[in-house]
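Colleague: I should like a close look at the pockets and the cavity of this model. Please describe their linings in turn, and then the salt bridges.

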Amino acid sequence: MGVSAVSPAAVVLHDEGYRFVLPIAPEPTDFDAQGHLNNASIVRIFNDIRVAYVQDRVGHAWRAHLSAERIVVVARELHVLYESEGLPSERYVGAMRYVRREGRAAIIEQRLVEAGSARAIARAWVVQLLARDGSAVAFPDFYFALVAEIEGREIEQLPSVRRAWGPPS
C-alpha cells in the first residue's frame, strides 16, 4: 500500500517511523450515545491493527508456525491513552510498530489519528507474548527477521526486565 495514497496523516505516521499504516473504518456501532468513538471500540481497533499486521505483512509462514506449534499470541499488557474525541464524520488512520524485545516479550506502539489532520485520537503501548499450554514461550528468530524487513530495521533485543507495571515513563 502506498502510504501517500492513504491520507496526509499516513505520511506523518510513516515519517514518525511507523511502517505499517492503514485506513480504519469504524462501524456505526463504534460510536456511543454521545456520538464519540467509544473507548472500548478503540481497544478493538488496536487489536484489529495488530491482527492486520500479521495477516497483511508477516504472512502465512507465521500463521502456519503458530498452528503447528499450538502457540497463541497474547497481549499481556495494553495501555491506552485517549487523546481526543473521534467523531462519526471523520476518517481515521491506524499504525503500529515494534519497539523492542524484552526477554520473551515484544513491545509494540500503536496510534490512531484523524486522517486529514493527523490529530491524535489515541495511542497504545502493548506487551505481547506467545503462549503454549498456558506458559510463555520465546518468539522464534525467524519471526523477528520478518518483522525487521517490515520495519526496515532490526528490533532491539534486551534482557527481561522486572519493572513496575505499566508503560515506561
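Modeller: The account below takes the open pockets, then the enclosed space, then the charged pairs. The model is a predicted one, and its protein chain averages a pLDDT of 92, with 93% of the residues scoring at least 70. Residues 1–5 are a region of caution: pLDDT stays under 50 there.

The largest pocket has a volume of about 360 Å³. Its lining comprises 16 residues, and those nearest the centre are Arg76, Ala105, Ser160, Val161 and Arg162. Strand 2 (72–82), strand 4 (105–114) and strand 5 (120–132) each contribute at least two residues to this lining. By class, the lining of the largest pocket holds eight nonpolar, two polar and six charged residues.

The second largest pocket encloses about 210 Å³ of space. It is lined by 13 residues, with Arg50, Val51, Val54, Val73 and Gln128 closest to its centre. Two or more lining residues come from each of helix 3 (39–58), helix 4 (60–68) and strand 2. Helix 3 gives the most, namely five residues. In this second lining, eight residues are nonpolar, three polar and two charged.

As for enclosed space, one cavity of 30 Å³ or more is counted, and the largest cavity has a volume of about 40 Å³. The residues around it are Val54, Trp62, Val73, Tyr98, Gln128, Leu130, Phe139 and Tyr143. Seven of these lining residues are nonpolar and one is polar, while none is charged. Val54, Val73 and Gln128 appear in this cavity lining and are also among the residues closest to the centre of the second largest pocket.

The charged pairs remain to be described. The count comes to 10 salt bridges. In one of them, the side chains of Glu16 and Arg111 meet at 2.5 Å, N to O. Glu16 lies in the loop between helix 2 (8–15) and strand 1 (20–24) and Arg111 in strand 4, so this pair ties together parts that are 95 residues apart in sequence. Glu16 counts as partly exposed at 38% relative accessibility, whereas Arg111, at 7%, counts as buried.

A further salt bridge joins the side chains of Arg123 and Glu83 at 3.1 Å, N to O. Arg123 belongs to strand 5 and Glu83 to the loop between strand 2 and strand 3 (92–102), 40 residues apart. Arg123 is partly exposed at 32% relative accessibility, and Glu83 is partly exposed at 32%. Finally, Asp30, Arg44 and Asp48 are linked in a network of salt bridges.

Conventions: Residues are numbered from 1 along each chain as its sequence is written. This is a predicted model: local features need pLDDT of at least 70, side-chain atom pairs count only at pLDDT 80 or more; totals for chains, interfaces and linings use all residues. Side-chain values use heavy atoms; hydrogens and water are left out. On a 1 Å grid over the protein atoms alone, a cavity is a set of points where a 1.4 Å probe fits but cannot get out, and a pocket is an open set with protein on both sides within 12 Å along at least five of seven lines; lining residues have an atom within 4 Å of a point. Grid points are joined across faces, edges and corners, and a volume is the space filled by probe spheres set on the points. Helices (H or I, at least four residues) and strands (E, at least two) are DSSP runs, numbered from the N terminus. Ala, Val, Leu, Ile, Met, Phe, Trp, Tyr, Cys and Pro count as nonpolar, Asp, Glu, Lys and Arg as charged, and the others, Gly among them, as polar. pLDDT is the predictor's confidence in each residue, from 0 to 100. Contact means heavy atoms within 4.5 Å. A salt bridge is a side-chain nitrogen of Lys or Arg within 4 Å of a carboxyl oxygen of Asp or Glu. Buried means under 20% relative accessible area, exposed over 50%, partly exposed in between (1.4 Å probe, protein chains only).
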